[in-house]
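Trainee: I'd like to learn how to read a model like this one. Can you walk me through it?

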Amino acid sequence: MEGLSVSTEPPQVPSPSIAERSIDAATDVSRSIEEVTASLKTAVGRLREVIADAEQPGQPIARLRAITRQAPLQSLFVAFLLGIVVARRSR
């Protein structure tokens with residue numbers, strides 16, 4: 001029993017190499033990009049549905065489109081004035 005020695009130091013765990021850390025970082029970024037892409041696809045799908053609903057006859061976008069076709073210059077003037085009002089309020 002005299003030849004056995006017990007070490008009180010924690011075992012040495014090799015640290016990951018730069019290549020392994022780079023691969024881990026790239027994997028994390030790839031997963032994040034996939035999650036963001038999935039979220040964007042969902043948001044775009046919802047937006048398309050809302051726009052499609054708003055373009056139905058009698059809905060706001062359909063009415064605005066009809067008014068703009070009937071009186072394009074007047075509609076442009078109203079949009080310009082509205083832009084000025086919004087710009088002044090945001091100051």
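**Reading a helix and its surroundings**

Mentor: Let's start with one residue's company. Setting aside neighbours within four places in sequence, Ser-75 is in contact with Ile-67 and Thr-68. Keep in mind that this is a predicted model.

Trainee: Where does Ser-75 lie, and is Ser-75 buried or exposed?

Mentor: Ser-75 lies in helix α3. For burial, the cut-off is under 20% relative accessible area. Ser-75 has 18% relative accessibility, so it counts as buried.

Trainee: How many of the 18 residues of α3 are buried?

Mentor: The number is 1, so α3 lies largely in the open. Across the whole protein, buried residues make up 3% of the 91 residues.

Trainee: What should the 18 residues of α3 span?

Mentor: Here you compare an expected length with the model. At 1.5 Å a residue, α3 should span 26 Å, and its end C-alpha atoms are 26 Å apart, which agrees.

Trainee: Which residues form a nonpolar patch on the surface?

Mentor: Phe-77, Val-78, Phe-80 and Leu-81 do, with about 420 Å² of accessible area together. Take Leu-81, whose place is in α3, residues 72-89. Partly exposed means between the 20% and 50% cut-offs, and Leu-81 counts as partly exposed because its relative accessibility is 37%.

Trainee: And the overall picture: how many helices and strands are there in the protein?

Mentor: There are 3 helices and 0 strands, running α-α-α from the N terminus on. The protein exposes about 8,800 Å², with carbon and sulfur atoms supplying 62% of that area.

Methods. Residues numbered from 1 in each chain as written. Predicted model: local features only at pLDDT ≥ 70, side-chain atom pairs only at ≥ 80, totals over all residues. Heavy atoms only, no water. Patch = residues over 30% accessible without salt bridge, like charges linked within 9 Å, V, L, I, M, F, W, Y side chains within 5 Å. Areas by Shrake-Rupley, 256 points an atom, 1.4 Å probe, with all protein chains shown as cover. Salt bridge = Lys/Arg side-chain N within 4 Å of Asp/Glu carboxyl O. Helix = DSSP H or I, 4+ residues; strand = E, 2+ residues; numbered from the N terminus. Buried < 20%, exposed > 50% of the residue type's maximum accessible area, 1.4 Å probe, protein only. Expected span 1.5 Å × (residues − 1). Contact = heavy atoms within 4.5 Å.
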